Each structure stands twice: as structure tokens, then as C-alpha cells.
Amino acid sequence: MKRWKLFLPLGFFLTFCVLLYIGLFMEDKNELPSMLLDKPVPEFSLKKLQQPEQTVTEEALKGKVVLLNVWGSWCPACKVEHPYLMQLAREGVNIVGVNYKDERQAALEWLDRLQNPYLFNIVDKDGKLGLDLGVYGAPETFLIDKKGVIRYKHIGIIDARAWNEELKPRYDALQKELVP
């Protein structure tokens, strides 16, 4: 009668192996759920990095498809992706930067040294916009449609693979959408 208890450790082990397999091989590590997908960019009113006398709101993101890229001069991965963002900007991709939890002078020097791929940069010194966007860290990039709605979230570096496989097909499809 108690023989079934002999198989209990084996049952736990097999369950552990199945969960481990799912965790390691079945989930996309760069795809974290976002509560903001298909919702408007959260309201904000923040200063521009290069023109600190100018305030920008979420309205500035409407009317064109935009990559909203969260970056910081303190972020090594942002430095890795920066040359590819420069290439995308030269190809006409609209990129707006969110300078996240950074020092203004360090960010300006970083852009002077590495060049500026952004249409403009939003200063998010205290991280409030990042918090509202559900940012886990930098770099993160949000694909925003012409109506200012978040359509996709990419976590990590944008490189040729990420652009061609994940972002470009979505970016191109949104470019073709008509806005009433």
C-alpha cells in the first residue's frame, strides 16, 4: 500500500525537470509582459535635454511612428546599441530618447562624443516616466504608433537581429496604417 510513496521523489524530480525545461527553452527572455501594450503613452511633462527651457509632453509623440528609446550615459549596453541607432536614424527611423536617471552634463557629453540619433531627448532624471512606462532598466525601446499608442516593447540592445526580426516588421506595418 505504501509502495506509491517510493515514487514520490521521482514525481517531484520529473516535475522539476519539466519546469526547468520550460524556463530555459520555451520562453523568450527579452519578452516581458507590459501592461501598457495597446495603451497610450502615459501622460508626462518633462524638459528636453538639449533645450532645457522647452517642455515636452506625450503629445509630441503623436503623428508619426516613433521608437522611444530609454538610455543613459551610465549604461554600458546603451553604448553598445548606439552605433546601430545612428544607422537607423540615418535611414530615416524616428527615434526619441528618454534620458533615464542621468546627469544632464554627462548625457550631453555622451551625445557630443557618440553623436545624436534622436529627434529629441526627454529628461527623466527622477525616473518617473520610466516608472510609468514599466521600465526594468536601460536600454529599453517602445514602438509608438501615430496615435501615441504603445504597440511593442523591446528590452535590451537594438542590433541588426532585433531590428530586422522584431521591430522593423512592426515599424513598417505601423507606417502604413492610416490615422483618421
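Buried here means under 20% relative accessible area. By that cut-off Tyr171 counts as buried, because its relative accessible area is 3%. The model is a predicted one, and Tyr171 makes a handy way into it.

Tyr171 sits in helix α5. Leaving out residues up to four places away in sequence, Tyr171 touches Val65, Leu67, Gly92, Val93, Asn94, Leu143 and Trp163. The C-alpha atom of Tyr171 lies 9.4 Å from that of Arg151, with the two positions 20 residues apart along the chain. Tyr171 has buried company in α5, including Ala162, Trp163, Glu166, Leu167 and Leu174. The cover over the buried residues of this helix includes β4, α2, β7 and β8 (149-155). Helix α5 also has a kink of about 50 degrees at Leu167, shortly before the proline Pro169.

So much for one residue; now for the chain around it. The protein chain holds five helices and eight strands, and along the sequence they come in the pattern α-β-β-β-β-α-β-α-β-α-β-β-α. Of its 180 residues, 42% count as buried. Taking contacts between residues at least 6 apart in sequence, 71% join residues at least 24 apart.

Six of the strands line up in an open sheet with mixed pairing, in the order β1-β8-β7-β4-β5-β6. At its edges are β1 (39-40) and β6 (121-124), each of which pairs on one side only. Strand β4 has β7 on one side and β5 on the other in that order. With β7 (residues 140-144), β4 runs antiparallel and is joined by five bridges; within this pairing, Val70 has Glu140 as its bridge partner. With β5, β4 pairs in the parallel sense, again over five bridges, and here Asn69 stands opposite Gly97.

What happens to the side chains of β4? In a regular strand the side chains alternate between the two faces of the sheet. In β4, Val66, Leu68 and Val70 point one way, whereas Leu67, Asn69 and Trp71 point the other way, and all are buried. Put as a count, six of the six residues of β4 are buried, so to speak a mostly covered strand.

Strand β4 (residues 66-71) also gives the largest nonpolar core its largest share, five residues. That core has 45 residues in total, and the members that touch the most others are Leu61, Leu67, Leu68, Leu88, Ile122 and Trp163. Leu67 is worth a closer look. Setting aside neighbours within four places in sequence, Leu67 is in contact with Leu88, Val93, Asn94, Ile95, Val96, Thr141, Phe142, Leu143, Trp163, Leu167 and Tyr171. Tyr171, the starting point above, thus turns up among the contacts of Leu67, just as Leu67 turns up among those of Tyr171.

The link from β4 to β5 brings in helix α2: β4, α2 and β5 together make a right-handed β-α-β unit. Helix α2 (residues 76-90) has 15 residues and reaches 22 Å from its first C-alpha to its last, close to the 21 Å expected at 1.5 Å a residue. Like α5, α2 has a kink ahead of a proline. In α2 the kink is about 40 degrees and lies at His82, shortly before Pro83. His82 is buried, as are Cys78, Glu81, Tyr84, Leu85, Met86 and Leu88. The buried residues of α2 are covered by a set of elements that includes β4, β5 (95-100), α3 (104-114) and α5 (160-176). Just after α2, Gly92 takes a positive phi of about 95 degrees; Gly92 is also one of the residues that Tyr171 touches.

Gln51 offers a contrast to Tyr171. Gln51 belongs to the loop between β2 (45-47) and β3 (55-57). It is partly exposed, because its relative accessible area is 28%, and the partly exposed class runs from 20% to 50%. The C-alpha atoms of Gln51 and Ile122 are separated by 9.7 Å, although the two residues are 71 apart along the chain. Ile122, for its part, is one of the core members that touch the most others.

Methods:
Residues numbered from 1 in each chain as written. Predicted model: local features only at pLDDT ≥ 70, side-chain atom pairs only at ≥ 80, totals over all residues. Heavy atoms only, no water. Core = buried A, V, L, I, M, F, W, Y, C linked by side-chain atoms within 4.5 Å. Buried < 20%, exposed > 50% of the residue type's maximum accessible area, 1.4 Å probe, protein only. Helix = DSSP H or I, 4+ residues; strand = E, 2+ residues; numbered from the N terminus. Contact = heavy atoms within 4.5 Å. Expected span 1.5 Å × (residues − 1). Bend = angle between axes of the 7 residues up to and from the residue. Pairing = 2+ DSSP bridges. Right-handed = clockwise from strand over helix to strand, strands pointing away.
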